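Here are some notes to read with the model open beside you. They are set out as numbered points, and each one can be followed on its own.

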Amino acid sequence: MKKSLLTLFALIVLAFVAMPAFTAGAPEAGDDEVTMLFMPGIADPFYYMMEKGIQSKAEELGVNLIVAEYPKSWGPEAQVPILEATAARGGIDMILIAPTSVDALVTPLKKLYDEGIEIITVDTFLGNGDYSVQSEFSFPLSYIGSDNEKGGREIAAELADLIGGSGKVYVNTTNPDVSSVAGRVKGFQEGIEVFPGIELVGVDYNLDVQQKATDQTLAALQKDPDIAGVFATNVFSSQGAYQAVVNAGLTGAVKIATWDATVDMINALKKGQVDLVLAQKPYEIGSLAVDWGYKFLTDGAEVPKKVIPGFEFFTQSNVDDPAMDQFIYK
Ligand code: T6T
């Protein structure tokens, strides 16, 4: 009797000791659930629209989604502390992030990547955005966003047309180290090169502050009263720059090509205060990022190094077309 009790006791002890060996690697409850973190660049209608695309695809696929706090200003100093604090919660399989600098986000993201978190960059990218060539910034799975240089070139051609192929043009943009807007300026400069009669008189950086865009554009118009065209490269640049033209009483005389289809910009187009609005597809960018990320995490699918949804142009002739309504960031 005593012997069998001892055996039973030994068996129980053995079971407890051996239990972990049997359970390691086995998914804990909810472990195979995919968790993604969305880290936007700044609080603006473009990223709100992107979040909608992310939310709806995450819901569809059963992805556990964490949306980080929206930075109140643009830049690594605002974005990195939020990113690191949110990632420190743990349990994150993938980060969908719009890096606010091509350089300054490489180290903080590489650290998280080395901790086992996959990265997809949405809207903006690291380095030169070519993740197919091994480099210190090629660790993200993919860049999902607009072809900004192509958009810049097309806007140059449209603005050239609007000003009759010659005259002075001015650019208001945000930051030199941000891939998206830098690409737009580069494309624009390439685009106007084919027009010998067009002169680029200045490029100002407003650090993504709308009032700064208004002040800079007003100063540029005062310095060069014969500026014929303005290109503003994103939401706050556009909303600031056209306000300066309105305040200077130059609406119609100065042609304005803008980027990002906010409700404010579409209303300005309807009022003839701007002449062109390029609409990116933030909802689609967000949805594609979750879709490809999920395929990678669950099936090991190969994610294309670049996924580029197109863009649309709002003009005075199509702004009231109901088919265009879907492209407004609202
Ligand atoms: O233009 C978008 C985005 O594409 C860019 O990278 C940063 O600015 C916006 O978010 C608009 O404010």
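1. I begin with Asp-224 which, once its neighbours within four places in sequence are left aside, is in contact with Lys-168 and Val-201. Please keep in mind throughout that this is a predicted model. The place of Asp-224 is in the loop between helix 7, residues 210-223, and strand 8, residues 227-232. Is Asp-224 buried or exposed? Its relative accessibility is 13%, and because buried means under 20% relative accessible area, Asp-224 counts as buried.

2. Two other aspartates deserve a look for their backbone angles. Asp-123, in the loop between strand 4 (118-122) and strand 5 (142-144), has a phi near 75°, which is a positive value in a residue other than glycine. Asp-208, which lies in the loop between strand 7 (198-205) and helix 7, likewise has a positive phi, of about 65°, although it is not a glycine. With a relative accessibility of 4%, Asp-123 counts as buried, and Asp-208 is buried too, at a relative accessible area of 6%.

3. Val-181 is found in helix 6, which runs over residues 179-193, and with a relative accessible area of 3% this valine is buried. Which residues does Val-181 touch, if its neighbours within four places in sequence are left aside? They are Thr-173, Thr-174, Asn-175, Thr-233 and Asn-234. As for distance, Val-181 and Pro-282 are 101 residues apart in sequence, while their C-alpha atoms are 15 Å apart in space.

4. Thr-251 lies in the loop between helix 8 and strand 9, and its relative accessibility of 36% makes it partly exposed. Leaving aside its neighbours within four places in sequence, Thr-251 is in contact with Val-245, Val-246, Gly-272 and Gln-273. One of these partners, Gly-272, comes just after helix 9 and takes a positive phi of about 75°. Thr-251 and Thr-124, by contrast, are 32 Å apart in space from C-alpha to C-alpha, with their positions 127 residues apart in sequence.

5. In helix 9, residues 263-270, the side chains can be followed around the axis. Met-265, Ile-266, Ala-268 and Leu-269 are buried. Why can they be said to lie on the same side of helix 9? They cover an arc of only 160° around the axis, and this puts them on the same side of the helix. A general rule is useful here: an α-helix has 3.6 residues a turn, so residues three or four places apart point the same way. What covers the buried residues of helix 9 includes helix 8 (235-247), strand 9 (255-259), strand 10 (276-279) and strand 12 (312-315).

6. Helix 8 and helix 9 may also be considered as a pair, since their axes come within 10 Å and cross at roughly 35°, in a crossing that is left-handed. At the contact, Ser-238, Gln-239 and Tyr-242 in helix 8 meet Asp-264, Met-265 and Ala-268 in helix 9. The residues of this contact divide into three nonpolar, two polar and one charged.

7. A second pair is formed by helix 2 (residues 45-61) and helix 10 (residues 282-299), whose axes come within 6 Å and cross at roughly 35°. Is the crossing of these two helices left-handed or right-handed? The crossing of helix 2 and helix 10 is right-handed. Among the residues that make the contact are Phe-46, Met-49, Met-50 and Ile-54 of helix 2, together with Pro-282, Tyr-283, Ile-285 and Val-290 of helix 10. Taken by type, the residues of the contact of helix 2 with helix 10 divide into 11 nonpolar, four polar and three charged.

8. My last point concerns the nonpolar interior. The largest nonpolar core has 54 residues, and of these Phe-38, Tyr-47, Leu-96 and Phe-314 touch the most other members. Which helix gives the most to this core? Helix 2 does, with six residues. If neighbours within four places in sequence are left aside, the contacts of Leu-96 include Met-36, Leu-37, Phe-38 and Met-39, as well as Ile-54, Ile-120, Ala-289 and Val-290. Apart from the largest core lies another one, of 23 residues, among them Ala-87, Ile-117, Phe-139 and Tyr-143.

Definitions and conventions:
Residues numbered from 1 in each chain as written. Predicted model: local features only at pLDDT ≥ 70, side-chain atom pairs only at ≥ 80, totals over all residues. Heavy atoms only, no water. Axes fitted to C-alpha atoms, helices over the stretch in contact; angles between N-to-C directions. Helix = DSSP H or I, 4+ residues; strand = E, 2+ residues; numbered from the N terminus. Left-handed = near helix turned anticlockwise from the far one by under 90°. Contact = heavy atoms within 4.5 Å. Nonpolar A, V, L, I, M, F, W, Y, C, P; charged D, E, K, R; others polar. Buried < 20%, exposed > 50% of the residue type's maximum accessible area, 1.4 Å probe, protein only. Arc of directions from axis to C-beta. Core = buried A, V, L, I, M, F, W, Y, C linked by side-chain atoms within 4.5 Å.
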